Amino acid sequence: MLDIKRIRNDFEDVKERLQTRGVKGEELNELKDLDEKRRELIQESEKLKKYRNDVSSQIAEKKRNKEDATDVIAEMKKVGEDIKAIDSELEQLKEQIDNIAAGLPNLPHPSLPVGEDEASNVLVRKWGEPVTFDFEPQPHWDLGTDLGILDFERGAKVARSRFLYYKGLGARLERALYNFMLDMHTTEHGYEEIIPPYLANDEALYGTGQFPKFKEDVFQIKNHPLTLIPTAEVPLTNYHQKEILEEKDLPKYYTALSPSFRSEAGSAGRDTRGLIRLHQFNKVEMVKFSKPENSYDELEKMTNNAEAILQTLELPYRVVLLSTGDTGFAAAKTYDLEVWIPAQNTYREISSCSNTEDFQARRAMIRYRKESDGKIEYVHTLNGSGLAVGRTVAAIMENYQQADGSIKIPEALVPYMGGVTEIR
RNA sequence: GGAGAAUUGUCCGAGUGGCUUAAGGAGCACGCUUGGAAAGCGUGUAUACGGUUUUCCGUAUCGAGGGUUCGAAUCCCUCAUUCUCCUCCA
């Protein structure tokens, strides 16, 4: 949620910057008009309420003195009706305003490349060299099926397409990976480990920005007002929903492993095979609550934390700064980490690290008390994958495959695999 | 799932329709007092929105949302959460 006062005061600037994210100017003009109308009505309503409060205490006084107050009571009845009429109009206005405001994306950080889509993204850095194979590298779904460690057919039979069974050392590899990631974040990067709820209510999903605009992307539970989380960002960020934190406790770092459930509406036909695009996948998520002045340093650090995982696994990757048009709804600035996928001969997204500034904090009411003057301000919230586990399994399988279809286990993972050095 | 009780400010806690601008206490901050501390005394101690512009003023907020009333912390309805008992369960 953007600050309505900021929209009011820096109208042209906000409008210009939001237009780089695909927001229509007329929408903002309408918002501005509604806001002005609302403020006028607030004044009217409050004036009447003041009057009613004053007269009501006079009535009380009269009653105590056993005087007659019939006339004034009759008048107040009328005033009460007027207030009710204005307030219901106000409520409608508020709803219209919220409908627009809740659908506005975050303001892009000035450092973002301006552009409509991923074509305008900027390469920040590259790490590692893609392996060269002296044989034709196979896609991970063929490797996994042949080795009997991934079973997509049965996943489709029991759930539907885009679900799978991991089996044997495949399941072990997935488990090894997320344990490795959690250990690294908790022992080396300073995150506190959390196991959150995997279902969340509408308020939580509103808080992080999935609702109301992106309802079609999630799975909702029939007959219950609950939604399967599309990312642990939802329960982690909303952990401090409606709280006032102490400045001395900031920054706070949390990490959690959770499944992520996504309906993938609108991506029919894309990445239909393999571990890249599933309705359910495990992800280790990182979330930070930061003071505003430090949040961009924290974003760099968080991105480095995700990179450290890839580096330790010795997987080649690159870091990309997303353009205004490609940046997600809640984010002010996002770095994507893309890992090398040999069989596709390209880099694929494996992590996304974002600073939402106070966008989510406003929606979820997450604030902190400053030590210097005791004033209360919104915190900045950050989130990043560290990493998407399924896609990491895919990357390892493809990058570490051998000519005979077996898969070598990255050195850092061997202890987590109980000493297993390859899957064959 | 059934029955009952509860939810008031940072905390404890009073409050069954108007002298409540939420009593009283604790805590915290500042000041007085003191050689220093404690005690004592005094003052202050929320959030949001709107107006004003650095000072105030107004409105709203007693778990949430509705309703009754000239007027609601207080009466009515719905919901949430917590506790106790029963039932079930990993």
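Me: In this predicted model, a residue is called buried when its relative accessible area is under 20%, exposed when it is over 50%, and partly exposed in between. What makes E349 partly exposed?

Reply: E349 has a relative accessible area of 34%. Since partly exposed covers what lies between under 20% and over 50%, E349 belongs to the partly exposed class. E349 is found in strand β12, residues 346-355, and, not counting residues up to four places away in sequence, it touches D336, L337, E338 and R391.

Me: Why is R262 called partly exposed?

Reply: The relative accessibility of R262 is 28%, which again falls between the limits of 20% and 50%, so R262 counts as partly exposed. This residue lies in the loop between β8 (252-261) and β9 (280-290). Its contacts, leaving aside neighbours within four places in sequence, are with D217, F219, P230, T231, L278, H279, F281 and K283. R262 and E349 are both covered by the UniProt annotation "binding site", from an unreviewed entry, along with S263, E264, I350, S351 and S352.

Me: What makes the pair R262 and P230 a polar contact?

Reply: A polar atom of the R262 side chain lies 2.9 Å from the backbone oxygen of P230. A polar contact requires a pair of N or O atoms within 3.5 Å, so the 2.9 Å distance meets that cut-off.

Me: How do you know whether H380 is buried or exposed?

Reply: At 10% relative accessibility, H380 is under the 20% limit and therefore counts as buried. H380 is found in strand β15, residues 380-388. Leaving aside neighbours within four places in sequence, H380 is in contact with K288, F289, S290, P292, S295, N355, E357 and D358. With one of these, S295, H380 makes a polar contact between side chains at 2.8 Å.

Me: How do you know which residues of helix α2 are on the same side?

Reply: In α2, residues 11-19, the buried residues are F11, V14, K15 and L18. They cover an arc of only 100° around the axis, which puts them on the same side of the helix. An α-helix has 3.6 residues a turn, so residues three or four places apart point the same way. On the other side of α2, E12 and E16 are exposed, and the cover over the buried residues includes α1 and α3.

Me: What makes a residue count as near RNA strand B, and which residues come nearest?

Reply: A residue is near the strand if one of its heavy atoms lies within 4 Å of it. Of the 22 residues around RNA strand B, R8, R39, E46, K50 and M76 come nearest. On the RNA side, sugar and phosphate account for 71% of the atoms of strand B that come within 4 Å of the protein. By class, the protein surface near RNA strand B has 13 charged, six nonpolar and three polar residues.

Me: How do you know where polar atoms of R39, I73 and R367 lie relative to RNA strand B?

Reply: An N or O atom in the side chain of R39 is 3.1 Å from a phosphate oxygen of RNA strand B. A backbone N or O atom of I73 lies 3.2 Å from a sugar or linking oxygen of the strand, and a polar side-chain atom of R367 lies 3.2 Å from a sugar or linking oxygen of RNA strand B. The elements that give two or more residues to this surface are α1 (4-9), α3 (25-64) and α4 (70-101). Of the elements, α3 gives the most, with 14 residues.

Me: How much of the span that UniProt names a "coiled-coil region" is helix?

Reply: UniProt, in an unreviewed entry, places that feature at residues 24-103, and over this span the chain is 90% helix and 0% strand, with its end C-alpha atoms 12 Å apart. UniProt also places the feature "domain: Aminoacyl-transfer RNA synthetases class-II family profile", likewise from an unreviewed entry, at residues 172-410. That span is 26% helix and 32% strand, and its end C-alpha atoms lie 14 Å apart.

Me: What percentage of chain A is buried, and how many helices and strands are there?

Reply: Buried residues make up 50% of the 424 residues in chain A, and the secondary structure comes to twelve helices and 17 strands. Along its principal axes the C-alpha trace spans about 100 × 45 × 45 Å. Of the contacts in chain A with a separation of 6 or more, 73% are between residues 24 or more positions apart.

Key:
Residues numbered from 1 in each chain as written. Chains lettered and ligands numbered in written order. Predicted model: local features only at pLDDT ≥ 70, side-chain atom pairs only at ≥ 80, totals over all residues. Heavy atoms only, no water. Polar contact = N/O pair within 3.5 Å; in protein donor to acceptor, adjacent residues only side chain to side chain. Helix = DSSP H or I, 4+ residues; strand = E, 2+ residues; numbered from the N terminus. Nonpolar A, V, L, I, M, F, W, Y, C, P; charged D, E, K, R; others polar. Buried < 20%, exposed > 50% of the residue type's maximum accessible area, 1.4 Å probe, protein only. Arc of directions from axis to C-beta. Contact = heavy atoms within 4.5 Å. UniProt positions renumbered as here; feature names shortened; annotations may be inferred.
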